[in-house]
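Okay, my turn, so let me pull this one up on the screen. I'll go through some charged pairs, then a serine, then the cavity search.

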Amino acid sequence: MSSRLSQRLGTLVAVLGLAGALGCGPGYNEMSGKDGKRSGARALGFGYPVDDRVSADEGDHVDWKELTLEADGATTLRVWWDQPEDISAVVALHDRFARHVAELTHRPGARTETLGPVPLTAGTWLIRVEASEGASVY
């Protein structure tokens, strides 16, 4: 290898190393854990609260939840944001094939929000909470 080529490769490696050292932060959804994908959706039940957290700044953009209905019926999802001013997010309802059914776009400052009632058939449904900016427990 010529010394000129070697010098260019060395410079390229140094630049790439510097870019990594500058800390561009975690990649999109890199820190979400298992529930960052549909296959890791956490099961929800009826009548009791479940809490979690999303943080775009920390690479935890998406949480998936799974809801199983034993009978057809209208279902309402209520969301409570602990930091309603600090989050830009969407809560979406999907069928078992992940087809979009309904969604709620968070209104900045709104502490509680409601999606529904949405008529659903018996079976498995998925809920996706996705933060595009900021962070909040919900």
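Let's start with Glu130, which is partly exposed, because its relative accessible area is 25% and the cut-off for buried is under 20%. Keep in mind this is a predicted model. Glu130 makes a salt bridge with Arg128, and the closest N and O atoms there sit 2.4 Å apart. Arg128, on the other hand, comes out at 14% relative accessibility, so we call that one buried.

How many salt bridges do we get in total? The count is 4. Another of them joins the side chains of Arg99 and Asp95, at 2.7 Å from N to O. Asp95 is at 11% relative accessibility, so it's buried. Then there's Arg53 with Glu58, N to O at 3.1 Å. Arg53 has 34% relative accessibility, so it's partly exposed, and Glu58 is partly exposed too, at 44%.

Arg53 also turns up around Ser136: leaving out residues up to four places away in sequence, Ser136 touches Asp52, Arg53, Val54, Trp81, Asp82, Gln83 and Ile87. Ser136 belongs to strand β8, residues 123–137. Is Ser136 buried or exposed? Buried, because its relative accessibility is 0%. And its side chain reaches the backbone nitrogen of Gln83 at 3.0 Å.

Last bit, the cavities. The search gives 1 cavity of 30 Å³ or more, with a volume of about 70 Å³ for the largest. Strands β4 (73–80) and β7 (112–120) are the elements that each give two or more residues to that lining. Its residues include Leu67, Thr75, Leu93 and Ile127, and the full lining splits into 7 nonpolar, 2 polar and no charged.

Definitions and conventions:
Residues are numbered from 1 along each chain as its sequence is written. This is a predicted model: local features need pLDDT of at least 70, side-chain atom pairs count only at pLDDT 80 or more; totals for chains, interfaces and linings use all residues. Side-chain values use heavy atoms; hydrogens and water are left out. On a 1 Å grid over the protein atoms alone, a cavity is a set of points where a 1.4 Å probe fits but cannot get out, and a pocket is an open set with protein on both sides within 12 Å along at least five of seven lines; lining residues have an atom within 4 Å of a point. Grid points are joined across faces, edges and corners, and a volume is the space filled by probe spheres set on the points. Helices (H or I, at least four residues) and strands (E, at least two) are DSSP runs, numbered from the N terminus. Ala, Val, Leu, Ile, Met, Phe, Trp, Tyr, Cys and Pro count as nonpolar, Asp, Glu, Lys and Arg as charged, and the others, Gly among them, as polar. Buried means under 20% relative accessible area, exposed over 50%, partly exposed in between (1.4 Å probe, protein chains only). A polar contact is a pair of N or O atoms within 3.5 Å; within protein, one must be able to donate a hydrogen and the other to accept it, and residues adjacent in sequence count only if both atoms are side-chain atoms. Contact means heavy atoms within 4.5 Å.
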